[in-house]
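Here is a walk through one protein model. Keep the sequence and the 3D view side by side as you read.

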Amino acid sequence: MSPMVDLDLVSTDTFADGPPHAYFDYLRREDTVHVQDNPMGGRLWSLTRHADVRALSLDTDRFTSEQGFIFPTFLESGSRTDDNLMFHNGERHVRLRGLVSGAFSPRVVVRFEDWIRERSEERRVGKECRS
């Protein structure tokens, strides 16, 4: 059991004031492969150390996003995921990533920072209003 309050890593409220750095520091030290119940069903796994994320990313025989990276998956074969790099591994992922990587450089993304913050705040406030 964590000496810290367990945070819901699925909830946008957890990130409303920015990433919970102290909690992630705790997870990296004490609970490197963190698991929590998923409100949609099943469980969610959070890897918090670079070496673990890298090992998982390179082990495409046992870990793949080609069947969906949301669990439980609601995607069907032939859906709009065919050309989405998040749903591919290996060479196809690398090829698709190469096509779009320039659009996500720090220089480009910083131009959208205010817009992203505004949309995030709208979502958070909208969620509070519905509660």
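Which helices each supply at least two residues of the nonpolar patch? They are helix H3, residues 90–100, and helix H5, residues 113–130. Bear in mind that this is a predicted model.

Start with that patch. It covers about 700 Å² of surface. Seek out Leu-99, Val-100, Phe-104, Val-109, Phe-112, Trp-115 and Ile-116, which make it. Take Val-100 as an example. Val-100 lies in helix H3. Its relative accessibility is 33%, so Val-100 counts as partly exposed. The label "partly exposed" runs between the cut-offs of 20% and 50%. A patch residue needs over 30% relative accessible area, and Val-100 has 33%.

Next, turn to a pocket. The second largest pocket holds about 260 Å³ of space. Ile-116 belongs to the nonpolar patch, and Ile-116 also lines this pocket. Other lining residues include Thr-12, Phe-15, Ala-16, Gly-18 and Pro-19. Further along the chain, the lining includes Glu-113, Arg-117, Ser-120, Glu-121, Arg-123 and Arg-124. What kinds of residue make up the lining of this pocket? Four are nonpolar, three are polar and five are charged.

Now look at charge pairs. Side chains of opposite charge can pair when their charged atoms come close. How many salt bridges does the structure hold? There are six. One of them joins the side chains of Asp-52 and Arg-49, at 3.1 Å from N to O. Arg-49 has a relative accessibility of 38%, so Arg-49 is partly exposed.

Go back to helix H5 for another set of pairs. Arg-119 and Glu-122 both lie in this helix. They sit three residues apart, which is about one turn of the helix. Their side chains form a salt bridge, and the closest N and O atoms are 2.9 Å apart. Salt bridges that share partners join Glu-118, Arg-119 and Glu-122 into one network. In this network, Arg-119 also meets Glu-118 in a salt bridge, at 3.6 Å from N to O.

Are these three residues buried or exposed, or in between? Arg-119 has a relative accessible area of 29%, so Arg-119 is partly exposed. Glu-118 is at 45%, and Glu-118 is partly exposed too. Glu-122 has 48% relative accessibility, so Glu-122 also counts as partly exposed.

Conventions. Residues numbered from 1 in each chain as written. Predicted model: local features only at pLDDT ≥ 70, side-chain atom pairs only at ≥ 80, totals over all residues. Heavy atoms only, no water. 1 Å grid on protein atoms, 1.4 Å probe; cavity = no way out; pocket = protein on both sides within 12 Å on 5 of 7 lines; lining within 4 Å. Points joined across faces, edges and corners; volume = space filled by probe spheres on them. Nonpolar A, V, L, I, M, F, W, Y, C, P; charged D, E, K, R; others polar. Patch = residues over 30% accessible without salt bridge, like charges linked within 9 Å, V, L, I, M, F, W, Y side chains within 5 Å. Areas by Shrake-Rupley, 256 points an atom, 1.4 Å probe, with all protein chains shown as cover. Salt bridge = Lys/Arg side-chain N within 4 Å of Asp/Glu carboxyl O. Helix = DSSP H or I, 4+ residues; strand = E, 2+ residues; numbered from the N terminus. Buried < 20%, exposed > 50% of the residue type's maximum accessible area, 1.4 Å probe, protein only.
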